[in-house]
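Q: I am new to this structure and would like a careful look at one part of it, namely the places where oppositely charged side chains come together. Please take the time to connect them to their surroundings.

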Amino acid sequence: MRKIQQLAFVALLLLANGISHAEQVTFSINAEIDHIYDPNNVLAEKLKLGDRLSSTYTFNTAIADSAPSTLYGFYNQLSNKGNGFSLNIESLSRSPISPRNVVFNSINTWNSSGDFYYAESKMRATAGNGITITFIGLEVFDVTGQALSDDKLTRVPPNITFARDKNLLISGTKAGAMEDFEIRAKIISIANFNDTRTVANQDY
């Protein structure tokens, strides 16, 4: 009986904190590099303009909106291995860069005459050859107001069809480098990734 009571208490805590795994969503992103800033040649010219990369972004829709306005939302996601970005750049790392050691992970939404969707993760993720990824961000800005239907977090990714800005932003460093490198990649596609681990038990 005591064990059952303990399990019930844990379940209540999970619900109270809005971290139900059934609410976890993953977006799949494909992008093309259109800007590289690497003053210390940390990347050793392994990347070039036009290179493709892929990424996923995982977040929890059950996180409460801490912004008081109905026009914009701020969702401070839990910093753990389940949330954040993964990154796949074959010319930089043979294996995907996982969102380990995430120290900050949030999503901002703005649904007005112009729509804005911005997600960011600050982290320390090893990319090989002594390179560390310290930041990954996703930004979508649509002046026509057609990217979002409201400021809520949903399973539907922002519509990038009419977006003026649709980018993945990546920063990183290497021991001894005086400045961080920066990569910007234009998003080609963003879609809901059917992660059966989190949606298998969810009713539609």
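With which residue does the side chain of D151 meet in a salt bridge, and what is the N to O distance?

A: The side chain of D151 meets that of K152 in a salt bridge, with 3.2 Å from N to O; the term stands for a side-chain nitrogen of Lys or Arg within 4 Å of a carboxyl oxygen of Asp or Glu. The model is predicted, so local features need pLDDT of at least 70 and side-chain atom pairs pLDDT 80 or more, while totals for chains, interfaces and linings use all residues. Residues are numbered from 1 along each chain as its sequence is written, and side-chain values use heavy atoms, without hydrogens or water.

The two partners of this pair are covered to differing degrees: D151 is buried at 1% relative accessibility, whereas K152 is partly exposed at 49%. Here buried means under 20% relative accessible area, exposed over 50%, and partly exposed in between, with a 1.4 Å probe and protein chains only.

To place the other pairs, it helps to have the overall plan. The protein has 2 helices and 9 strands, which follow one another from the N terminus as α-β-β-β-β-β-β-β-β-β-α; these elements are DSSP runs numbered from the N terminus, helices being H or I with at least four residues and strands E with at least two. Buried residues account for 42% of the 204 residues.

The structure holds 5 salt bridges, and another of them joins R52 to E32, whose closest N and O atoms are 3.0 Å apart. Because R52 sits in strand 2 and E32 in strand 1, this pair ties together parts that are 20 residues apart in sequence. R52 is exposed, with a relative accessibility of 58%, while E32 is partly exposed at 31%.

The strands that carry this pair, strand 1 and strand 2, run antiparallel and are joined by 9 bridges, where pairing requires that DSSP finds at least two bridges between two strands. Within this pairing, S28 stands opposite T56 of strand 2. Strand 2 is in turn joined to strand 4 (residues 84-88) by 5 bridges, again in antiparallel fashion, and there T58 stands opposite G84.

D51, which lies in the loop between strand 1 and strand 2, is buried, with a relative accessible area of 13%. Leaving aside neighbours within four places in sequence, the residues in contact with D51 (heavy atoms within 4.5 Å) are A31, E32, I33, K46 and S91, so E32 appears here as well as in the salt bridge with R52.

A further salt bridge, between R184 and D34, has its closest N and O atoms 2.9 Å apart. Since R184 belongs to strand 9 and D34 to strand 1, the pair ties together parts that are 150 residues apart in sequence. R184 is partly exposed at 32%, and D34 is partly exposed as well, at 33%.

Strand 9 (residues 181-192) also holds I190, which is buried at 11% relative accessible area. Although I190 and F27 are 163 residues apart along the chain, their C-alpha atoms are separated by 6.5 Å. Beyond neighbours within four places in sequence, I190 is in contact with residues including F27, S28 and I29. Across the protein, 66% of the contacts between residues at least 6 apart in sequence join residues at least 24 apart.
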